[in-house]
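Dear colleague,

Please find below the structure that I am handing over to you. I would be grateful if you kept it open while reading the notes beneath it.

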Amino acid sequence: MKDREFKFNISISREGYKDKAEATKCLTLSTAKEIGKTVIAFKEESVTVDELIDKAVNGYAFCYLFKFEDKKYKTTFNDKITYTYPVYKVGANKGYFKIKFKSKEFFRGTQTIFVDIDNTTYEDIYDYVDSLTYKPTALYCSYSDRINKGGVYSRRFRLVYVFDEVLNPIQFEKASAALYNQIKEDTEDTLDDKCWLNSNQYYNGGNTNEVYKSYEIYNYSDIVEDIEEPVVTINYVIEEPEEKEVIPVNKNFIEDMSKLDSY
């Protein structure tokens, strides 16, 4: 179904970043301070497709949905064990969860699937979309779009698929695999970047306004055909043993018979 006003949940960074270099520096506290920013942190929000894309083109980062308790967890960094809350309690990032807790251990599901397209033979994003069986709900270009990266010049962008309900971890794996296979078949691209198949991946925004929106909201069954095995019920019929008629025998009769002479 197409729905411009549909609201869905996704985790969004507190700040936006002007380019890949700035976003990378904000992965650690020390390098973030060098550019006058804080370390990247996320908070679950409810947004529309338009609101998501507005955040994306302004350099905000995204990740899926995670769940943790309001308690200190044991963490290890540089062989040092510490105990820390998953959500910042004070400071600029107060109320946002720490990037170290964006892990598979705490992944509870997602209402979106991001697909990284990092190396494609297509030169136009709309031609690319036209080739797809499943049109993305939205698309935005990444920081490295049209840039020579590792000796390769290519269009680089992210497809975003929005679902009408939160996919659990197993559904996410199945839907991601189905999208991967279908996109690869539709475009005949190699799809070298498979990091987006991981539930703990995060996705940078971009800095260009070239976008696409279909506003298509998917149901899990639109992408994955889960075939349930038929339940076979076997009714066992237990036959009662046939009752035999018991004929009573007179004891006097038996005694008389035993006294008869045999011929």
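The notes below go from the whole chain to one helix and then to one residue.

Please bear in mind that this is a predicted model. The chain has 263 residues, of which 42% count as buried. Its secondary structure comes to 7 helices and 14 strands. Among the contacts with a separation of 6 or more, 75% join residues that are 24 or more positions apart. The chain exposes about 16,100 Å², and carbon and sulfur atoms supply 49% of that area.

Helix H3 spans residues 49-57, and its buried residues are Val49, Leu52, Ile53, Ala56 and Val57. These residues lie on the same side of H3, because they cover an arc of only 125° around the axis. The cover over them includes several strands: E1 (8-16), E2 (41-47), E3 (60-63), E9 (138-141), E12 (157-167) and E13 (211-213). After H3 comes glycine 59, which has a positive phi, near 80°.

The other residue to examine is lysine 174, in helix H5 (residues 169-187). Lysine 174 counts as partly exposed because its relative accessibility is 39%, and the partly exposed class lies between 20% and 50%. Leaving aside residues up to four places away in sequence, lysine 174 touches Tyr220, Val224 and Asp226. Lysine 174 and glutamate 225 are 51 residues apart in sequence, while their C-alpha atoms are 9.6 Å apart in space.

Yours sincerely,
A colleague

Notes:
Residues numbered from 1 in each chain as written. Predicted model: local features only at pLDDT ≥ 70, side-chain atom pairs only at ≥ 80, totals over all residues. Heavy atoms only, no water. Buried < 20%, exposed > 50% of the residue type's maximum accessible area, 1.4 Å probe, protein only. Helix = DSSP H or I, 4+ residues; strand = E, 2+ residues; numbered from the N terminus. Arc of directions from axis to C-beta. Contact = heavy atoms within 4.5 Å. Areas by Shrake-Rupley, 256 points an atom, 1.4 Å probe, with all protein chains shown as cover.
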